[in-house]
Each structure stands twice: as structure tokens, then as C-alpha cells.
Amino acid sequence: MAIEVHPALSPHLVVDDAAAAIDFYVKAFGAVEIGRIARPDGKLIHAAVEINGSTVMLNDDFPEMSDGKSMTPPALGGTPVTIHLTVTDVDEKFHRALDAGATVVMPLEDQFWGDRYGAVRDPFGHQWSLGQPVREVSYEEIQQAMGQA
């Protein structure tokens, strides 16, 4: 029997304390846990949650799998990646993330490109942006706003 494959693109996050990260993502973003696989010491070698209809995979940090180096954002001095969520209730979702323990990276505000948008950092060092389209803006209007910025 052939396995049906659904092409997708899913972030795979490395964190310290993946079990706590799952709890945070449930509280902050309404994640639904898909599953987890732990080794005997309890560290998660694989876990997955669904957030906003997409799968996010995660696991505990295993430096022994990365030339002895930690691969968490704090160990690397931050992250160059932002995971974006487009939502219909951005104010509620943004404040929910803050109430769960996220910190503000960029305050939630109406932006020139037509979204109400803000960004947070989760307690594990990963950066998330949340946006809600609130008005139609043409590329010409965006370019003009950028020239005035």
C-alpha cells in the first residue's frame, strides 16, 4: 500500500525543554499537539504541533548531533528566522502570546502595508510575527510609503 504524501513546508524548531515549549505553544498560539517521541531520559527527539492549520515540528537540543554545539536561539545569539502567523483576531492572539510568556519584539500596530502587525519572542528564543490584513494597499502605495519612511 502506498503512503499518500501531502507536500508541505514546516518549521522544525530546536529548544531547551521541548515539553515546556509545547505547553507554551498551546497557551500562546492555540496549538494542538500532534504527538511526541521521548528517549528514556525524557528529552524529546521529535514532537509536532499544529498551529494555525500548519505543522510545526520541534525537539530538544542535542549538541551531540551538531558537532557538540547547541542549536537553540539563545546559544546561537538569537535567530535570523521569524515564523509568521496570519490571523483574523490579531489583537487577541498577540495579547494571548504575551500572557503566556512571550516578550514584545515589535509592538502591535497598523502598518503601511495594510496589516495590523507585531512580533514576539517566545521563551525559547524563537521569533513569531502576527498579522491581520486590515486594508488593501497597492504595491505602488507601499513603494511610496517606503520612500517617505
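**Salt bridges and core**

User: Is aspartate 110 buried or exposed?
Analyst: Aspartate 110 is exposed, with a relative accessible area of 53%. Buried means under 20% relative accessible area, exposed over 50%, and partly exposed in between (1.4 Å probe, protein chains only).

User: What kind of model is this?
Analyst: This is a predicted model, where local features need pLDDT of at least 70 and side-chain atom pairs count only at pLDDT 80 or more, while totals for chains, interfaces and linings use all residues. Residues are numbered from 1 along each chain as its sequence is written, and side-chain values use heavy atoms, leaving out hydrogens and water.

User: Which residue forms a salt bridge with aspartate 110?
Analyst: Arginine 116, with the closest N and O atoms 3.2 Å apart. A salt bridge here is a side-chain nitrogen of Lys or Arg within 4 Å of a carboxyl oxygen of Asp or Glu. Arginine 116 is partly exposed, at 21%.

User: How many salt bridges by this rule?
Analyst: Six. One of them pairs arginine 39 with aspartate 41, at 2.7 Å between the closest N and O atoms.

User: OK, the core. How many residues has the largest nonpolar one?
Analyst: It has 28 residues. Such a core is a set of buried Ala, Val, Leu, Ile, Met, Phe, Trp, Tyr and Cys residues joined through side-chain atoms within 4.5 Å. Among those with the most contacts inside it are Tyr25, Val120 and Trp128.

User: And glutamine 127, buried or exposed?
Analyst: Glutamine 127 counts as buried because its relative accessibility is 16%. Its side chain makes a polar contact with the side chain of threonine 82 at 3.0 Å. A polar contact is a pair of N or O atoms within 3.5 Å; within protein, one must be able to donate a hydrogen and the other to accept it, and residues adjacent in sequence count only if both atoms are side-chain atoms.
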